[in-house]
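Reader: I have a structure open on my screen and would like to learn how to read it. Could you walk me through a few features?

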Amino acid sequence: MSKAKEKEKKAHLDAKVHKSTAKDKRKKFWIKHNMKKNSEKTAAPKKNQEKSQPPQEAQQISANWKSLQQILKTSQPEKKHQNGVVIKKNQENAFRNSSTNSAAPSQRDPGKTGKRKIVPVVSKEAGVKLKLPATSVSQQCAAPKRKKGKEIPKSREQTAKKMKKNISLVEERKPTEEDLWFDDVDPDDIEETMGAEAAEIMRKKQGIRKQSKDTESSLVKEKAFDGLTRVVAIDCEMVGVGPDGEDSILARVSLVNQFGKCIYDKYVKPTEEVTDYRTAVSGIRPEDIKDGEDIQTVQREVANILQGRIVVGHAIHNDLKILLLDHPKKKIRDTQKYKPFRKIAKSGRPSLKVLCKEVLNIKVQQGEHSSVQDAQATMRLYTLVKKQWEAEIKAGKKNKDSEEKKKRKPSV
């Protein structure tokens, strides 16, 4: 009986062991099954996580550092924001690319995951930014733009101030020789348009002396003798008579001494009806000659002054002709016929206006003429070359005398 009981107990224990092992087997099966599913689900992210992991070896770190340095060198100038943060364009692009690469796998295209290459950035700034989401980048970039929009009025004020400064600099800038590149321009015209400094530069360039502001002071010697001298200068003004004023009669006679002092100046009463006063040139008006001196009186007085003296004039034959006077050729000095003056003016019959400008650097006959001023100008031209002129006349006389003596000698 005891053996039978023992067998029953063993069978009962075996059944229990069998039952427990079946349950255990089921549990183990479902555990393994669940583990496989979980491993399959998490397989893709693990691969991506492995790809996005930063380099751990020293060679990889150094290679990434060199690539970052090249990116920084080729980057554009820095953009300074109001909060003091400095961001470069390439750094922003690298940050955007890294932020998209570090996004969740569900947000990216699963078909292109294998082709993309992620270059991790080792710099501190980039490392901080990689942790931020992609939306934070757009927020950071948008904020400075709004601030820039508020600063537009300030920038306009600054540009306006700069424009004013530039205008003042242009106005204050003095002209130079490079600015006055043109030639054959009257320095007085330049003085009216560009100022005295530009005119002075042009005078130096052309080798012209500065003209005196007062023409009379440059033609007349102050505190000089105002009486008759051995040399006198004469000039006459005429008016037109006859049809269309073609013929001329005497209207004014002026004489000056060697120092430019006026010694005679009279208007002449017309002997015929004046048809053209020629006021624009002669400066004569009806009221000037209405009560003028008789022509006979003027002729006599002028002849007395000229007697025995050297007479200077410009185209003096016209003045003597209108006065109906004659004077010895040896005692006439005509500035129009003087050869050195002709060479300077580059003309066979230079005008008094041209000679005064070229030789004396003085403007005369601007508008209405004045017989007194014209006589002073001719005297100033003569006194300027008096020694040379008189020496040439003496030399010419000696040559003529020697030639005459040779002719007078009887032939042997």
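**Salt bridges, charges and a helix**

Author: Gladly. Arg252 and Asp265 join their side chains in a salt bridge, at 3.0 Å from N to O. Arg252 sits in strand 4 and Asp265 in strand 5 (residues 262-267), so this contact links distant parts of the chain, 13 residues apart. Please keep in mind that this is a predicted model.

Reader: Are Arg252 and Asp265 buried or partly exposed?

Author: The general idea is to look at relative accessible area: under 20% is buried, over 50% is exposed, and anything in between is partly exposed. Arg252 has 11%, so this residue is buried. Asp265 has 34% and is therefore partly exposed.

Reader: How many salt bridges are there by this rule?

Author: The rule asks for a side-chain nitrogen of Lys or Arg within 4 Å of a carboxyl oxygen of Asp or Glu. By that rule the count is 5. One of them joins Glu293 and Lys266, at 3.6 Å from N to O. Glu293 is in the loop between helix 12 (286-290) and helix 13 (295-306), while Lys266 is in strand 5, so the pair ties together parts that are 27 residues apart in sequence. Glu293 is partly exposed at 28% relative accessibility, and Lys266 is partly exposed too, at 26%.

Reader: Which residues are linked with Lys266 in a network of salt bridges?

Author: Glu293 and Glu301 are linked with Lys266 in that network.

Reader: Where does the salt bridge of Glu390 lead?

Author: Glu390 pairs with Arg333, and their closest N and O atoms are 2.9 Å apart. Glu390 belongs to helix 18 (residues 386-408) and Arg333 to strand 8 (residues 332-334), so this bridge ties together parts that are 57 residues apart in sequence. Both Glu390 and Arg333 are buried.

Reader: Now for the surface. Which residues form the positive patch?

Author: For a patch, look for like charges that gather on the surface without taking part in a salt bridge. The positive one is made of Arg230, Lys329, Lys330, Lys331, Lys337, Lys394, Lys397, Lys398 and Lys400. Take Lys394 as a case: this residue is in helix 18, and its 55% relative accessibility makes it count as exposed.

Reader: And which residues gather in the patch of negative charge?

Author: They are Asp244, Glu246, Asp247, Glu272 and Asp276. Asp244 lies in the loop between strand 3 (231-241) and strand 4 (247-256). With 70% relative accessibility, Asp244 counts as exposed.

Reader: Let's turn to helices. How far apart are the end C-alpha atoms of helix 17, and what span should its residues give?

Author: A helix can be checked against its expected span, at 1.5 Å a residue. The 14 residues of helix 17 (residues 371-384) should span 20 Å, and its end C-alpha atoms are 20 Å apart, which agrees.

Reader: How many residues of helix 17 are buried?

Author: An α-helix has 3.6 residues a turn, so residues three or four places apart point the same way. Helix 17 is mostly covered, with 10 of its 14 residues buried. Among them are Val372, Ala375, Met379 and Tyr382.

Reader: One last spot: where does Ser347 lie?

Author: Ser347 is in the loop between helix 15 (339-345) and helix 16 (352-360). Its relative accessible area of 30% makes Ser347 partly exposed. Between the C-alpha atoms of Ser347 and Gln336 there are 9.6 Å, with the two residues 11 apart along the chain.

Technical notes. Residues numbered from 1 in each chain as written. Predicted model: local features only at pLDDT ≥ 70, side-chain atom pairs only at ≥ 80, totals over all residues. Heavy atoms only, no water. Helix = DSSP H or I, 4+ residues; strand = E, 2+ residues; numbered from the N terminus. Expected span 1.5 Å × (residues − 1). Buried < 20%, exposed > 50% of the residue type's maximum accessible area, 1.4 Å probe, protein only. Patch = residues over 30% accessible without salt bridge, like charges linked within 9 Å, V, L, I, M, F, W, Y side chains within 5 Å. Areas by Shrake-Rupley, 256 points an atom, 1.4 Å probe, with all protein chains shown as cover. Lys, Arg positive; Asp, Glu negative; His and termini not counted. Charge placed at Lys NZ, Arg CZ, Asp CG, Glu CD.
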